[in-house]
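Q: Could you teach me how to read a protein model, feature by feature, giving me the general idea and then the case at hand?

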Amino acid sequence: MLKPQASRSRDLRSLDGLWSFALDHEVGDEPWRGRMVTPRQAPVPASYNDVFADAEIRDHIGVVWYQREVVVPSTWTGRRIVLRFDAVTHTGTVFVNGERVAHHEGGYTPFEVDITSLAAPGEEVLVTVAVDNRLTSATVPPGEVGTAEDGTPTQLYRHDFFNYAGLHRSVHLAATAPDHIRDVTVTTTRDGSGTASVHFAVDTSNGGDVRVVLRDEDRREVASADGATGTLTVTDPVLWQPGAAYLYDLEVVLGDGRDGDSYTLPVGIRTVEVRGQQFLINDEPFYFTGFGKHEDAPFRGKGHDDVLLVHDFALLDWIGANSFRTSHYPYAEEVLDYADRHGIVVIDETAAVGMNINMAGGILGGARKPTFSPETMSDVTRDATAQGIRELIARDKNHPSVVMWCIANEPASAEEGAREYFEPLVDLTRELDPTRPVTFANQGDARFDNDLIVDMFDVICLNRYFGWYQQTGDLARAEVELEKELLGWAATYDKPILMTEYGVDTVAGLHQAVPSPWSEEYQIDFLAMYHRVFDRIPAVQGEQIWNFADFQTKAGIIRVDGNKKGVFTRDRRPKSVARILKSRWTAMRDAA
Ligand code: GCB
């Protein structure tokens with residue numbers, strides 16, 4: 001699915017800003033029928049939870065309503081008009097002028113609907129959106145909705161981040177020619193003789209004539225072709241490299257481009273391959289440094305914000321990181337565009353998180369029961385997971401920064417049923433994109449000797465907390481256990497190992513001469529211990545610390561105003577460990 005853009009033939013109108021907002025019970029049965037009467041307005045994009053100082057809104061379970069009017073430009077006569085939502089978390093139902101036009105499940109991928117017949121140029125349209133934050137076994141991430149003794153709803157979920165909801169990303173009205181470009185798929189290969197191939201496939205609404213032109217960063221034409229599919233040859237290509245991004249522009253023109261349609265896609269030429277225990281980008285071994293992140297910030301929750309985007313990337317650069325994982329859901333497309341532009345490598349993750357009922361003895365919610373069963377993670381959950389994979393790849397397949405798909409975080413991969421659950425999902429991912437490696441993030445209960453699924457994947461991604469959840473406070477014993485485990489994986493599988501999570505909750509400002517958990521000094525010692533071990537094991541091909549910044553979680557006895565494993569605080573101030581990481585990672589970057 002193409003991100004909307006303004007071009008010679010395309011137009012965009014932003015619907016970001018303040019929308020009327022109400023909880024479900026505050027408005028009548030069918031609020032989409034007319035103008036909603038409510039004293040509240042909510043900002044878009046943002047989560048609604050924290051912007052009002054109101055526990056009822058923060059903790060609301062169920063539907064909330066957003067509504068606004070927009071005038072369709074009178075110049076859009078004869079155009080195809082689309083209403084596009086970059087993310088409605090988790091389930092959105094859209095009404096235009098009182099008519100239900102769209103329904104979408106999955107809170108982190110976009111959807112759009114053609115509203116040409118309802119949107120008269122020069123007239124106002126009324127857009128109403130029902131946003132449902134409930135998580136069930138039919139949603140990804142999954143959850144369980146119940147009813148408390150007093151009749152109020154309850155929501156259980158097993159992932160460690162607050163269930164923020166709302167119109168999290170931008171909303172647009174977009175206009176194209178009626179005959180339009182529906183999709184573009186680009187992959188790149190290199191041959192031995194210093195040339196590269198850009199393979200393209202263009203999907204159009206009318207099967208009309210297509211022309212593509214590839215230009216370099218100086219806008220010089222490099223290659224062109226006629227036809228909806230084909231290959232462009234680039235001699236002496238400038239490669240997209242980690243830390244040294246280079247983007248060509250592929251202009252796709254349908255028809256004559258004036259009455260027809262045109263779309264420009266940035267293209268990075270690079271290859272990705274797993275060979276033995278190495279991860280290769282452009283045939284060079286690549287060692288990942290960086291973080292698991294979250295889309296999370298004070299007030300706005302998971303709302304996309306360009307200020308935060310640019311600042312977070314500035315901090316990644318400052319600290320010398322070369323990569324991050326979009327834990328635990330697809331991030332805003334702006335984030336990937338920026339990563340493309342700035343040479344940051346991305347492991348792109350679905351929202352399949354919390355599929356592990358018995359983790360930590362079930363303390364994250366619920367008693368011991370099988371994770372994979374008709375009552376828990378069922379065929380319905382798997383279908384939703386598959387749909388999440390389809391939408392992720394459809395959206396992100398063209399980003400050079402994305403080097404690997406991560407199709408789940410910490411599923412119960414040592415439990416019966418895991419293989420049956422994941423096998424078709426791995427097959428689906430490979431079928432949709434044969435060019436990128438596939439992984440999942442493995443949780444500590446599934447070790448090298450009892451994990452049931454890791455052989456189906458290309459890279460072993462491990463989330464480990466020796467010295468925190470186990471051997472708490474005892475880094476000497478933790479070091480022994482960590483090394484034992486990593487050596488076990490390295491001996492069992494001929495695959496690269498990435499540590500995709502390791503970290504400790506750290507209260508900024510808590511200092512100790514003799515370090516123990518929660519202090520800044522313990523975070524320093526903990527990470528130094530992990531790095532010592534990584535440096536001793538050649539199969540380890542990357543380190544992504546949990547987490548880039550502190551983030552909000554649901555209330556709980558092991559969380560103090562959220563998860564504090566950040567190297568930066570929630571407002572992006574560095575903890576003491578940041579400078580030490582900076583010297584390690586910038587030295588590695590300079591040596592690469
Ligand atoms: C994990 C999860 C992550 C949590 C983290 C923690 O294993 O993948 O979502 O936030 O541990 O801090 O416990």
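Q: In which sense do E2 and strand E4 pair, and over how many bridges?

A: Strands of a sheet pair through backbone hydrogen bonds, either parallel or antiparallel. Here E2 and strand E4 (residues 63-71) pair in the antiparallel sense over 4 bridges, and Ser20 stands opposite Gln67 in E4. Strands (E, at least two residues) and helices (H or I, at least four) are DSSP runs numbered from the N terminus, and two strands pair if DSSP finds at least two bridges between them. Strand E2 (residues 17-23) also pairs in the antiparallel sense with strand E3 (residues 41-44), over 4 bridges, where Leu18 has Pro43 as its bridge partner.

Q: Before going on, what should I know about the model itself?

A: This is a predicted model, in which local features need pLDDT of at least 70 and side-chain atom pairs count only at pLDDT 80 or more, while totals for chains, interfaces and linings use all residues. Residues are numbered from 1 along each chain as its sequence is written, and side-chain values use heavy atoms, with hydrogens and water left out.

Q: Which strands stand at the edges of the open sheet E18-E17-E20-E21?

A: The 4 strands of this open sheet follow the order E18-E17-E20-E21 with antiparallel pairing. Strand E18 (221-226) and strand E21 (261-267) stand at the edges, each with a single partner strand, so one side of each is left without a neighbour in the sheet. On average, neighbouring strands of this sheet are turned by 15° against each other, direction ignored; such angles run from 0 to 180 degrees between N-to-C directions, with axes fitted to C-alpha atoms, for helices over the stretch in contact. Strand E17 (residues 210-215) is joined to E18 by 5 bridges, and Val212 has Ala225 as its bridge partner there.

Q: How many strands form the closed barrel, and what is their pairing?

A: The closed barrel has 8 strands, running E25-E26-E27-E28-E29-E30-E31-E32, with parallel pairing. Its neighbouring strands are turned by 25° against each other on average, direction ignored. Within the barrel, 3 bridges join the parallel strands E26 (residues 323-325) and E27 (residues 345-349), and the bridge partner of Ser323 in E27 is Val345.

Q: Which residues come nearest to the ligand?

A: A residue is near a molecule if one of its heavy atoms lies within 4 Å of it. Of the 13 residues around the ligand, Asp160, His328, Glu410, Tyr469 and Lys565 come nearest. This shell divides into 4 nonpolar, 4 polar and 5 charged residues, where Asp, Glu, Lys and Arg count as charged, Ala, Val, Leu, Ile, Met, Phe, Trp, Tyr, Cys and Pro as nonpolar, and the others, Gly among them, as polar.

Q: Where do polar contacts to the ligand occur, and how far apart are the atoms?

A: A polar contact is a pair of N or O atoms within 3.5 Å. A polar side-chain atom of Tyr469 lies 2.4 Å from an oxygen atom of the ligand, a polar side-chain atom of Tyr465 lies 3.3 Å from a ligand oxygen atom, and an N or O atom in the side chain of Arg559 is 3.1 Å from one.

Q: Which peptide bonds are cis?

A: Most residues other than glycine have a negative phi, and most peptide bonds are trans. Among the cis bonds here are the one joining Thr89 and His90, with omega about 5°, and the one from Val140 to Pro141, with omega near 5°. Pro141 lies in the loop between strand E10 (124-132) and strand E11 (144-147).

Definitions and conventions: Polar contact = N/O pair within 3.5 Å; in protein donor to acceptor, adjacent residues only side chain to side chain.
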